[in-house]
Amino acid sequence: MMLKKNPPPAPLPTEAELEILNVLWSAGPSTVREVHAAVSQKNTGYTTVLKQMQVMVAKGLLTRSERFRSHVYEASVPKQETQQQLAGNLLQRAFEGSAANLVLGALASKPVSAKELDEIRRMLDEFEKGKL
């Protein structure tokens, strides 16, 4: 009996790729024109977005299909999985594997409201109980 190997994880997205992924995670499967409209506030050209999305397909970050004679792109990795990959990468590179220092760094980077702190405490309690 042959065991199937799990496919390697998708590479970490660059900042520009992450912007495109955020559009696709919010809007769902979209054409290049739709993604371009969402990111065009930064004066990014249509062909730049198209080329970036083609590269992302080659890297395994997006999938492409055809709908009504248009190419439709979709994120191939769920948002939460990508966020975990990015956090894990940052944890190792900048915080030497210390989750506590990562959390402290995040909390010190911008003001946090009492409501957000309560939410973080609740999430830590649930994480400790194995609910997250």
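This briefing walks through how the helices and strands of the chain fit together. The model is predicted, and its mean pLDDT is 91, with 95% of the residues scoring at least 70. Helix H1 (residues 15-27) is a handy place to start, since it packs against helix H4 (residues 79-95), meets residues of helix H3 (residues 46-59) and makes contact with helix H2 (residues 32-39). Three strands add an open sheet in the order E1-E3-E2.

**Confidence**

- Among the elements of the chain, H1 has the highest mean pLDDT, at 96, and E2 has the lowest, at 90.
- As a general reading tip, predicted coordinates should not be read in detail where pLDDT is low.

**H1 with H4**

- The axes of H1 and H4 lie 11 Å apart, and the two helices pack at an angle of about 150°.
- Angles over 145 degrees count as roughly antiparallel, and H1 and H4 are therefore roughly antiparallel to each other.
- Their crossing is left-handed.
- On the H1 side you will find Leu18, Asn22 and Trp25, which meet Lys79, Thr82 and Leu86 of H4.
- By residue type, this contact of H1 with H4 holds 3 nonpolar, 2 polar and 1 charged.

**H1 with H3**

- H1 and H3 cross at roughly 90°, and their axes come within 11 Å.
- The two helices are therefore roughly perpendicular to each other.
- H1 brings Ala16, Glu17, Ile20 and Leu21 to this contact, while H3 brings Gln52, Met53, Val55, Met56 and Lys59.
- The contact of H1 with H3 divides into 6 nonpolar residues, 1 polar and 2 charged.

**H1 with H2**

- Here the axes come within 10 Å and cross at roughly 110°.
- That angle makes H1 roughly perpendicular to H2.
- The crossing of H1 and H2 is right-handed.
- Glu19, Ile20, Val23 and Leu24 of H1 make the contact with Val35, Ala38 and Val39 of H2.
- The residues of the contact of H1 with H2 are 6 nonpolar and 1 charged, with no polar ones.
- Look out for Ile20 of H1, which takes part in the contact with H3 and also in the one with H2.

**The sheet**

- The pairing of the 3 strands is antiparallel.
- Strand E1 (30-31) and strand E2 (62-67) stand at the edges with a single partner strand each, so one side of each has no neighbour in the sheet.
- In general, the strands of a sheet pair through backbone hydrogen bonds.
- E2 and strand E3 (residues 70-75) are joined by 6 bridges.
- To trace the pairing in the viewer, you can begin at Leu62, whose bridge partner in E3 is Ala75.
- H3 packs on this sheet and touches both E2 and E3; the direction of H3 makes about 115° with that of E2.

**The hairpin turn**

- E2 and E3 form a hairpin, with 2 residues between the strands.
- Phe68 sits in that turn and has a positive phi of about 50°.

Key: Residues numbered from 1 in each chain as written. Predicted model: local features only at pLDDT ≥ 70, side-chain atom pairs only at ≥ 80, totals over all residues. Heavy atoms only, no water. Axes fitted to C-alpha atoms, helices over the stretch in contact; angles between N-to-C directions. Helix = DSSP H or I, 4+ residues; strand = E, 2+ residues; numbered from the N terminus. Parallel < 35°, antiparallel > 145°, perpendicular 65-115°, else oblique. Left-handed = near helix turned anticlockwise from the far one by under 90°. Contact = heavy atoms within 4.5 Å. Nonpolar A, V, L, I, M, F, W, Y, C, P; charged D, E, K, R; others polar. Pairing = 2+ DSSP bridges. pLDDT = per-residue confidence, 0-100.
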